[in-house]
Amino acid sequence: MRISDIQRCEVRPGRLVEWTFSPATIAAAAALPPDPRPPAYIQESHIRTARSVREDGLFVPTWLGAAFDLPGRADLDVLERVLRDWTLRHETLRSGFRWSGDDMHRFTLDGRDVSLRREVVGDFADAGALIRYLQDRFDVAADALGWPNLIFAAVVRDDSTSVYMASDHTNVDAYSLQRVPDEIHELYTAAVSGNAAAGPSAGSYVDFCQQERADADGIDDTHAIVSRWREFIGRCDGRLPEFPVDLGLRPGDELPTQKLMCGPLLDADAAAAFETHCRPYGGSLVGVLAATSLIVHELGGQPYYRTVVPFHTRVKSAWSDSVGWYVGGAPIEVPAARDFDSALTAVRSELRANRSLARIPLARVLRLLGADFRPTSPDMYSIVSYMDARVVPGSARWAEKKAYGLIRVSRGDQVCVWVNRLHEGLWFACRYPDTEVAHKNVRRYVEGLRELIVSTPERGHLRVAEPAFS
């Protein structure tokens, strides 16, 4: 999907309706005994960091969401049943955590105890006022340190209904968001035609957390993966890698606010030509990282581009349709290259050598290394992520449905980049510290990325998307 924030996802006026867990469901959760299945390391690290940031006096929302349209004026009774059915399909959405001293314990509701409460908020004639309301509401209702941290909303109009889902990051990743529009649209279409069904079951992320944590707890600080992370971090001067360009930040400053830059990077023909050129080296992921290594070397002058590459951990088919945070990271170290093909070769070599390191959660590795990395920042490191989303069910109709993956842009001192391959081409999104220096260098980066990608393959004259970043 196109990654955006709530301000740029085509919000339009209408009657706003919300669904949250009912008081009865919240009361049932409060009485639950602990679920022995532990949090994933990535969940625990995220919540601990959120608590640390909050204790420092900063409220830093970290929710993710999805937005899409249904045709016509939705039947709210049907939509409510569909939203509940979809929630029951994904166990992590009815699971949360409590503190006992400094330990986190999970609780998980039985599906029979889950019900939604509907509230008609009112009519909004001004899109700006609606945007402000939605962001403020999602900040509170999808808070990492609260439960429940899931909310649905719909903006109802005669010609269409916009549906929104927001959840804290602990429950969802980018791939999870991309499944939302098609799943809920299919359930709704079936329900209004009288063929309502809960839909196929999905693997439980809660079960995955238990399995992944058991595997991670089975290693110690002598494991080869831990040793390789130790060496990599040592070459990063004892820190996890940052985006190697000047961001205008000074040590000791308060965690800065962030801005978002997003828009189409290339059209479909240019994206296909780039993929063709990169395919012998492993494809467009390798290409985007190779291009990034060349550009940041030009901007920052560092002899190596070091970063942590996110990879999904959905290694079994049972997890392929599951909502959860299935992400690990692998370190790469790319020396300054003389040309693009040399950079492609270097990135391919690094990914082949290091991708397996993503099998062990980084938070577990850091614990074994005896180091606490950036506990006051929501991002432990900068990322450049690439995803080919064309295989996601329903992706060919995302533009028609006005489907977006939503990120909350609030505070942070890192640069996080997402490049998504859509049927329409490549979509770019980046959140970065809100400083003049960072804005200038991130814009130089994205313009350099686009120019390098466009100029690399030999393909004659193509219609390349004009820059439309905001």
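**Entry 1: the open sheet**

I began with strand 12 and strand 14 (residues 416–422), which pair in the parallel sense over six bridges. I note here that the model is predicted. For one position in this pairing, I looked up Ser385 and found that its bridge partner in strand 14 is Trp418.

I then traced the sheet to which these strands belong. Four strands form this open sheet, in the order 9-15-14-12, and the pairing is mixed. Which strands stand at the edges? They are strand 9 (258–267) and strand 12 (383–388); each has a single partner strand, so one side of each is left without a neighbour in the sheet. From one strand to the next, I recorded a twist that averages 15 degrees.

I also looked up what lies across the sheet strands. Helix 9 (residues 284–300) lies across strand 12 and strand 14 and runs at about 155 degrees to strand 12.

**Entry 2: helix 4**

I checked the length of helix 4 (residues 127–141) next. With 15 residues at 1.5 Å a residue, helix 4 should span 21 Å, and its end C-alpha atoms are 21 Å apart, which agrees.

At the start of helix 4, I found that a side-chain oxygen of Asp126 reaches to within 3.2 Å of the backbone nitrogen of Gly128.

Which residues of helix 4 are buried? I listed Leu130, Ile131, Leu134, Gln135, Phe138, Asp139 and Ala141. I then asked what covers these buried residues. The cover includes strand 2 (14–21), strand 3 (63–71) and strand 6 (116–124), as well as strand 7 (150–156) and strand 8 (160–168).

**Entry 3: the nonpolar cores**

I turned to the largest nonpolar core, which has 67 residues. The members that touch the most other members are Trp19, Leu79, Trp86, Trp229, Leu240 and Leu362. Apart from this core lies another, of 48 residues, among them Val245, Ala330, Ile332 and Tyr386.

I chose Trp229 for a closer look. Leaving aside residues up to four places away in sequence, Trp229 touches Leu240, Val308, Gly329, Ala330, Pro331, Leu357, Leu362 and Val365.

**Entry 4: His185**

I closed with a single residue, His185, which I located in helix 5 (residues 174–192). Is His185 buried or exposed? Its relative accessibility is 13%, and because buried means under 20%, His185 counts as buried.

For its surroundings, I again left aside residues up to four places away in sequence, and found that His185 touches Asp69, Leu70, Pro71, Arg397 and Lys401.

Key
Residues are numbered from 1 along each chain as its sequence is written. This is a predicted model: local features need pLDDT of at least 70, side-chain atom pairs count only at pLDDT 80 or more; totals for chains, interfaces and linings use all residues. Side-chain values use heavy atoms; hydrogens and water are left out. Helices (H or I, at least four residues) and strands (E, at least two) are DSSP runs, numbered from the N terminus. Buried means under 20% relative accessible area, exposed over 50%, partly exposed in between (1.4 Å probe, protein chains only). Contact means heavy atoms within 4.5 Å. The expected span of a helix is 1.5 Å times one less than its number of residues. A polar contact is a pair of N or O atoms within 3.5 Å; within protein, one must be able to donate a hydrogen and the other to accept it, and residues adjacent in sequence count only if both atoms are side-chain atoms. A nonpolar core is a set of buried Ala, Val, Leu, Ile, Met, Phe, Trp, Tyr and Cys residues joined through side-chain atoms within 4.5 Å. Two strands pair if DSSP finds at least two bridges between them. Axes are lines fitted to C-alpha atoms, for helices over the stretch in contact, and angles run from 0 to 180 degrees between N-to-C directions.
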